[in-house]
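Visitor: Please take one part of this structure and go through it slowly with me. I would like to know what sits there and what lies around it.

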Amino acid sequence: MTAVPLRPGPLPAPRRALLERRIRWVVAATITYNVVEAVVAIGAGRAATSSALIGFGLDSVVEVLSAAAVAWQFAGRDPHARERTAMRVIAFSFFGLAAFVTVDAVRAVLGAAEPAHSTVGIVLAAVSLAVMPALSWFERRTGRELGSASAVADSRQTLICAYLSAVLLAGLVLNSTLGWWWADPLAAVVIAGFAVREGVEAWRGDACCAPVGALLRSDADDACADGCCGDG
């Protein structure tokens, strides 16, 4: 995975203030959308006895936790001072996401549960597939320029939610059209593995040259001074 490019130099105060306002806006939008998404997904999942939809709703709750950590960071006078704590919370939210998805997938496979058709679930997954990549791109672009590892990490959390939307949509459609109820839980396991990897990188991001870790270095040469970088 390519490392996040460093900022060319210190940002002017007005530009930094503008970027911080943008971060607060996109985080607020992400939290609002995910709260609605969680309520709709869990409600639709219970109605259709769909473990995939319920798991997707729980993922939205985890996404809210991640976005809230960034909101807390940028609510302070010195967001950089809160970077480490925010990164730790984001890392735990990645791990929580992976745990939720894995448990849900295993339960669905072992129980051989066949959920009913859910029009609400299909529409929700399609809308999320359109909304989440846009939010992720905006936050990642702003976070890179600002030099915020937590914002970039949170944008990846949002992107994982987009991946899960695609998995959910495929699973619901395949279940409705072909009766392949197992397609969603099997694909979700792959997404869970990706979430674990991103969680590890977020956890190490304030100390090593993981993709988000590069943001916390003021000099590209210093980024690997502690010998923590691998060759990949």
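Guide: Val62 has a relative accessible area of 7%, so Val62 is buried, as the limit for that word is under 20%. The model is predicted, and what follows is a reading of that prediction. Val62 belongs to helix 2, and helix 2 together with the helix it packs against, helix 5, is the part to look at.

Begin with what Val62 touches. Apart from residues within four places in sequence, Val62 has contacts with Ser93, Gly96, Leu97, Phe100 and Gln157. Gln157 is one of the helix 5 residues in the contact between helix 2 and helix 5, and Val62 is on the helix 2 side of that contact. As for distance, the C-alpha atoms of Val62 and Ala98 are 9.9 Å apart in space, with their positions 36 residues apart in sequence.

Asp59 is also in helix 2. With a relative accessible area of 1%, Asp59 is buried. Asp59 touches Leu97, Cys161 and Leu164, not counting residues up to four places away in sequence. Leu97 appears in the list for Val62 too, while Cys161 and Leu164 are helix 5 residues that take part in the contact with helix 2.

Further along is Phe74, in helix 2, which covers residues 51-75. Because its relative accessibility is 3%, Phe74 counts as buried. Outside the four places on either side in sequence, Phe74 is in contact with Glu20, Ile23, Arg24, Pro79, Leu146, Ser148 and Ser150. Ile23 is 51 residues away from Phe74 along the chain, yet their C-alpha atoms are separated by 7.7 Å.

Now take the two helices as wholes. The axes of helix 2 and helix 5 come within 10 Å and cross at roughly 165 degrees. Angles over 145 degrees count as roughly antiparallel, and helix 2 and helix 5 are therefore roughly antiparallel to each other. Their crossing is left-handed. On the helix 2 side the contact includes Ala52, Leu53, Phe56, Val70 and Gln73, and on the helix 5 side it includes Ser150, Asp154, Thr158, Leu168 and Leu172. Sorted by class, the contact of helix 2 with helix 5 has eleven nonpolar, six polar and three charged residues.

Helix 5 has other neighbours. One is helix 4 (residues 119-146), whose axis comes within 8 Å of the axis of helix 5 (residues 149-177) and crosses it at roughly 160 degrees. Helix 4 and helix 5 are therefore roughly antiparallel as well, and helix 4 passes helix 5 in a left-handed crossing. The residues of this contact divide into 17 nonpolar, eight polar and four charged. Ser155 is a residue of helix 5. Its relative accessible area is 0%, so Ser155 is buried. Beyond its neighbours within four places in sequence, Ser155 is in contact with Ser136, Glu139 and Arg140.

Another neighbour is helix 6. Helix 5 and helix 6 have axes that come within 9 Å and cross at roughly 175 degrees, and these two helices are therefore roughly antiparallel to each other. Among the residues making this contact are Ile160, Tyr163, Leu164 and Val167 of helix 5 and Ala187, Ile191, Phe194 and Glu198 of helix 6. Leu164, listed here, also touches Asp59 of helix 2. The contact of helix 5 with helix 6 holds 14 nonpolar, one polar and four charged residues.

For context, the chain has six helices and zero strands. Of its 232 residues, 47% are buried. Among the contacts with a separation of 6 or more, 76% join residues 24 or more positions apart.

Last, the confidence of the prediction. The chain has a mean pLDDT of 79, and 83% of its residues reach 70 or more. In the chain, confidence is highest in helix 4, at 93, and lowest in helix 6 (residues 183-204), at a mean of 79. Over residues 206-232 the pLDDT is below 50, although this stretch has 56 contacts in the model beyond near neighbours in sequence. Where pLDDT is low, predicted coordinates should not be read in detail.

Technical notes
Residues numbered from 1 in each chain as written. Predicted model: local features only at pLDDT ≥ 70, side-chain atom pairs only at ≥ 80, totals over all residues. Heavy atoms only, no water. Helix = DSSP H or I, 4+ residues; strand = E, 2+ residues; numbered from the N terminus. Buried < 20%, exposed > 50% of the residue type's maximum accessible area, 1.4 Å probe, protein only. Contact = heavy atoms within 4.5 Å. Axes fitted to C-alpha atoms, helices over the stretch in contact; angles between N-to-C directions. Parallel < 35°, antiparallel > 145°, perpendicular 65-115°, else oblique. Left-handed = near helix turned anticlockwise from the far one by under 90°. Nonpolar A, V, L, I, M, F, W, Y, C, P; charged D, E, K, R; others polar. pLDDT = per-residue confidence, 0-100.
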